[in-house]
Amino acid sequence: MISIELKNCESERVNDDSALLPFQLVMGLLNRIVQSFEVTHDSNLTITEQLVANYDLLPVEPEKRTWRAYNYIAFWTADTFNINMWMIVSSMIQLGMSWWQAWICVWLGYGIAAPFLVLNARPGAIFHVMFPIVNRTSFGMFGSLWCVFNRAAMACIWYGVQASIGGSCVLVMLRAMWPSIYDLPNSMPASSGTDTRDYLCFFLFWLISLPIIWFPVHKVRHFFLVTPILMPIASITFLIWCIVKAHGIGPILHQPSTLHGSKLGWAMVVSSMSCISNEVTLVTNAPDFASRARTSSAALYPQLFAIPLSAAFVSLIGILVSSSSQAIYGTAIWSPIDLLGNFLNDNPSKATRFGVWFISASFMLAQVTTNICANSVSAGCDLTALFPRFINIRRGGYIAATVGLAMCPWNLLKNSNEFTSYLSAYSVFLSSIAGVMVTEYYIVRKGHYNVKDLYNTKKGSWYWYTYGINFRAYTAYISGILINVVGFAGATGRTVPLAATRIYELSFFTGFAVSAIVYWALNRVFPVIGVADTFEEIDVSGYERTARTLQDVEEVDDETKDEGSDHSASKR
């Protein structure tokens, strides 16, 4: 009897095991699928540790700190040689300013943006960490994710917009070689917002950009050396060609301003702020490229001077070419691609077609460069921080390209006024983030970093704050946004007080200043670990990355942490 019962128990256990077997097989298969999508990481890491670190998020290894001063000069020259920069003064002149008043606004806007960018880039250049990691010092280990998401979303949107503009360059290139492309039959529905010809050119530009995303940040610097050589040649050739064709510079240079007094003053303020807003995304994520600096000085003076100089040069060429176009066609054509397209009308000669092809190909390459340096790499860094278990910088760049393709960016460009209002509003969010970050580094902790704690989710670490979120930073961030809310409502067409409009027109400064002041005040009332009395750029954890390992970061030495805390306490 007992033996029968034992047999029955064994039979039931076998049946249970048989029932569990398919479930185990399915779970094992799913686990292998998930693991196949994971990036390379230390197998000893916990799930929590995998949420804050992978190899691309660690401080850049010494052998990959390859960016010298000339690389940053080439980077900013490449970034500014794009169609948006070429046309940036068109709206200013249409407001009623003279050409030289508009040009002064470009100098002011980019000249003001450059110091802010250099200030925010400094932690990256000193400690060789990217924007998502620098942001953890002020917003917290998990609080930083919202800021990183904001920047990633902006980069993906801009990637699509720049690719759409690049598609117009490809169209002129193809038209110069095969004029019949311009009359390509359309097979796409009206609801798509585009046609077969334009979508084909957009897709070709998108496709051309993909191989460049493959290269890591420390190597892609070589690609940025091409545009600073090619584009000045193409731009000056274009300018000389237009002057010869117009038999002179054109009337825009002799056109006086129609604005005077306070109207002129505020028009110049708004135009200068437009230039700053155009740069605020790169101000925010400045540590991304500064982290690759060979020396900290390489990311200082080259960027400080290259940004306004290159912007002023490109916009001046744009003014002169557009002025010449008015003498040729009777109206100013601010888009260089539209102007080149006009050169292809009325049976152009082979020489004209070759010249148009060369200049449009140069603009196409410049758009690729701008998209990589301003959007692809930034999105890659940010998406890596959002999903470090599955995404690295390269994968993030391709995700940004995919989003840029799927978002149908040509629909955004149909109503440029709404898109411009959206960008201006978004600059308020980013300037408030930058205000908190700069205050954290220079005023609160005064250059003191604890690099090991940038990857530590344990209570009591420098950047854990309250469950990984710094309420001081978020209070300051929201304050910087709120001061501009009423003015933004006015920008969308609602009636608001004039003072609110003026505040919003200075949104970068008001957002930055309010968030900085509130953050400083809250840290005075509620001090954090690591507050210092004297400015000294030092890593109190003593971390130095010499190999691709996460274990050294996660296994924080208790003695070193205690020394860091004592050091911080003495600085309070």
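In the predicted model, the lining of the largest cavity comprises 5 nonpolar, 8 polar and 2 charged residues. The volume of this cavity is about 190 Å³. Its lining is formed by 15 residues, of which D79, Q162, N278, T370 and A374 are the closest to the centre. Two or more residues are contributed by each of the helices α3 (69–80), α4 (83–86), α8 (144–177), α12 (261–284) and α16 (350–386). Among these elements, α12 provides the largest share, with 4 residues.

In total, 2 cavities of 30 Å³ or more were identified. The second largest cavity has a volume of about 50 Å³. The residues lining this second cavity are F75, W76, L117, L282, N285, A286, F289 and Q303. By class, 6 of the lining residues are nonpolar and 2 are polar, and no charged residues are present. The lining of the largest cavity, by contrast, includes 2 charged residues.

Open space was examined in addition to the enclosed cavities. The second largest pocket holds about 530 Å³ of space. Its lining consists of 29 residues, with D56, P216, N392, I393 and R394 the closest to the centre. At least two lining residues are supplied by each of α9 (196–213), α10 (217–220), α16 and α17 (393–406). The largest share of this lining, 4 residues, is attributable to α17. The class composition of the pocket lining is 15 nonpolar, 6 polar and 8 charged residues. Helix α16 thus appears in two of the linings described here, giving two or more residues to that of the largest cavity and at least two to that of the second largest pocket.

Charged side-chain pairs were considered next. The model contains 5 salt bridges, among them the pair formed by R122 and E537, for which the N to O distance is 2.9 Å. R122 belongs to helix α6 (residues 99–127), whereas E537 is located in the loop between α23 (507–525) and β2 (538–539); the pair therefore ties together parts that are 415 residues apart in sequence. Both partners are partly exposed, the relative accessible area being 22% for R122 and 27% for E537.

A further salt bridge links E505 to R502, with the closest N and O atoms 3.1 Å apart. These two residues lie in helix α22 (residues 498–505) and are 3 residues apart, so about one helical turn separates them. R502 has a relative accessibility of 25% and is accordingly classed as partly exposed.

E61 and K64 also form a salt bridge, in which the closest N and O atoms are 3.5 Å apart. Since buried residues are those under 20% relative accessible area, E61 is classed as buried because its relative accessibility is 4%. K64, at 25% relative accessibility, is instead partly exposed. The E61–K64 bridge therefore joins a buried residue to a partly exposed one.

Helix geometry was assessed for α14 (residues 301–329), which contains 29 residues. At 1.5 Å a residue, this helix should span 42 Å, and the end C-alpha atoms are 42 Å apart, so the expected and modelled spans agree. Just after α14, G330 adopts a positive phi of about 90°.

Methods
Residues numbered from 1 in each chain as written. Predicted model: local features only at pLDDT ≥ 70, side-chain atom pairs only at ≥ 80, totals over all residues. Heavy atoms only, no water. Salt bridge = Lys/Arg side-chain N within 4 Å of Asp/Glu carboxyl O. Buried < 20%, exposed > 50% of the residue type's maximum accessible area, 1.4 Å probe, protein only. 1 Å grid on protein atoms, 1.4 Å probe; cavity = no way out; pocket = protein on both sides within 12 Å on 5 of 7 lines; lining within 4 Å. Points joined across faces, edges and corners; volume = space filled by probe spheres on them. Nonpolar A, V, L, I, M, F, W, Y, C, P; charged D, E, K, R; others polar. Expected span 1.5 Å × (residues − 1).
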